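Reader: I am new to this structure and would like a careful look at one part of it, with enough of the surroundings described that I can find my way.

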Amino acid sequence: MRFVRGVLLLTLATEAAGALALFLSFLRTLDPGKAAYAAVFHAVSAFNNAGFSLFPTNLVAYRGDWFVNLAVSALIVGGGIGFVVFSDLVRWARKEVNHPLLHTKIVLAATGVLVAGGTAVLWMLERSNPQSIGALSFPEQALVSLFHSVAARTAGFNTVDLSTFTPSSLAALMGLMFVGASPGGTGGGIKTTTFVAMMAALWATTRGEMDVTLFKRRIPTDIVAKSFFIAMLALGFVVSCAFVLLALETERVLGVTFEAFSAFGTVGLSIGDGGILSLSAKFSPAGKLVICLLMFVGRLGPLTMSVAALRSHVQKRFRYPEGRVIIG
C-alpha cells in the first residue's frame, strides 16, 4: 500500500507540474480555458506514454518551442523509466540505502544512451533532408531530433511529418520503438533492461568471459536467457504480424512494417495516410484487428503472454548428459 500511494502521489505531482509548464506555453496561442484543458490532457498523455494530442497536426505547431518540447520529453521519460526506479531513488536520497539498485543504474544509463544515441543518429540522417529538418536552423534540428528520439520510446507525439523522413531514419525509429520503455513504466516494447542484458551478454561472449557483468555485478544466467527469449519472441511476433498485414493490405512495405513496430511498442507513430490520420486508418477491419493484437501483446509483454500459454507446472527432476554442438 505504501508503494501504491507513492505511485499515485508521484503520478499526480509529475502530471500537475507538467500541466503547469504546458499551460504557460499554450497561453501564448490559446485562451486560458482551452490552454488549461490542453495542458492537462497533454501532460497526462505524455506521462502515460499515450501520445494522443488534441491538435489536428499533433505537436507540429510547437516544433520550435523549447518549453513545450522539453516539458513533454521530460514527462515521457519520467513515465517510461518505471516507478521502481523512482522509489529506489527516493530511498537512496533519504539515505535509507547505501546505493541505488542495479536495476536503477541500468535503466538510467540505458535511457541516457538511447536518447543521446537516437538524437545523434536522427540528426545525422535527416540534417540534409529539406523535407524534414534540413531547412531548419541547427538548434531546431537538434530539438526535433531529440524530441523524436524520446517520443519513439513508446510516446507517439511528433513535431514533424514522419512521411518526410528517409527510410534509414524510419528504421532507426523502429529500433527505438522495439526497445521501448523500462519495466514498471507506462510504455511497451521489450524494455531497456532486456536490451542491455543482451548487449552485455554479447560483449562478454566477444571477450571470452564466462560471466555477464554490469556495474561490477554479475547478471544471473537465467536473466540473460530470458532476455534473448523475450527479444526473439517479440521480433518473431512483430515480423509475423507485419507479414499478415502485408498480405491483407495494399500499402507499401516500409509503411506497414513501421506501423507494426509502432503498434507493438504501443507508440502510435505513423507515416500517415496522406492526410491527418495514421496509416492504420486505411487498413481493413482484419488489418486493424492485427494492429490491436500487436498493441495488446506489446503492452502486456511477450514473456507474460508466453508463460501464460506455455508454462508447465511439472518440474523436471533430472538433467540429460551434456552434448557438444558445432555452431557459427
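Where in the chain is the place of Gly82?

Author: Two remarks on the model come first. Residues are counted from 1 along each chain as its sequence is written, and side-chain values rest on heavy atoms, with hydrogens and water left out. The model is predicted, and local features therefore need a pLDDT of at least 70 and side-chain atom pairs a pLDDT of 80 or more, while totals for chains, interfaces and linings use all residues.

Gly82 has its place in the loop between helices H3 and H4; helices (H or I, at least four residues) and strands (E, at least two) are DSSP runs, numbered from the N terminus. H3 covers residues 66–80, and H4 covers residues 83–93. Gly82 counts as buried because its relative accessibility is 2%, where buried stands for under 20% relative accessible area, exposed for over 50% and partly exposed for what lies in between, with a 1.4 Å probe and protein chains only. Leaving aside residues up to four places away in sequence, Gly82 touches Pro183, Gly184 and Gly185, a contact being heavy atoms within 4.5 Å. Asn49 stands 33 residues from Gly82 along the chain, and the C-alpha atoms of the two are separated by 12 Å.

The helices on either side of this loop lead to the start of the chain, since the buried residues of H1 pack against H3 and H4, as well as against helix H2 (32–47). H1 itself runs over residues 2–26, and its 25 residues reach 36 Å from the first C-alpha to the last, close to the 36 Å expected at 1.5 Å a residue; the expected span is 1.5 Å times one less than the number of residues in the helix. The buried residues of H1 are Thr11, Glu15, Gly18, Ala19, Ala21, Leu22, Ser25 and Phe26.

H3 also leads to H6, as the cover of the buried residues of H6 includes H3, helix H5 (102–126) and helix H7 (167–179). In H6, which spans residues 138–151, the end C-alpha atoms are 20 Å apart, and this agrees with the 20 Å that its 14 residues should span at 1.5 Å a residue. Among the residues buried in H6 are Gln141, Leu143, Phe147 and His148.

The loop between H6 and H7 holds Thr154, which has a positive phi of about 90° although it is not a glycine. Thr154 counts as buried because its relative accessibility is 0%. Another positive phi, near 90°, belongs to Lys191, again a residue other than glycine, and Lys191 has its place in the loop between H7 and helix H8 (192–206). Lys191 counts as buried too, because its relative accessibility is 13%.

Further along is H10, which is mostly covered, with 10 of its 12 residues buried. Its end C-alpha atoms are 17 Å apart, which agrees with the 16 Å that 12 residues should span at 1.5 Å a residue. Phe264 lies in H10, and it counts as buried because its relative accessibility is 0%. Gly180 is 84 residues from Phe264 along the chain, yet their C-alpha atoms are separated by 9.2 Å. Just after H10, Thr266 takes a positive phi of about 50°.

For a contrast with Gly82, one may turn to Gly274, which lies in the loop between H10 (253–264) and helix H11 (285–300). Gly274 counts as exposed because its relative accessibility is 81%. Gly274 and Ser163 are 111 residues apart in sequence, and 8.4 Å apart in space from C-alpha to C-alpha.

The whole chain gives the setting for these parts. The chain has 12 helices and two strands, and of its 328 residues 44% count as buried. Among contacts between residues at least 6 apart in sequence, 65% join residues at least 24 apart. The C-alpha trace spans about 70 × 55 × 35 Å along its principal axes. The radius of gyration is 21 Å, which agrees with the value near 20 Å that a compact globule of 328 residues would have; this radius is taken over C-alpha atoms, and the globule rule is 2.2 Å times the number of residues to the power 0.38.
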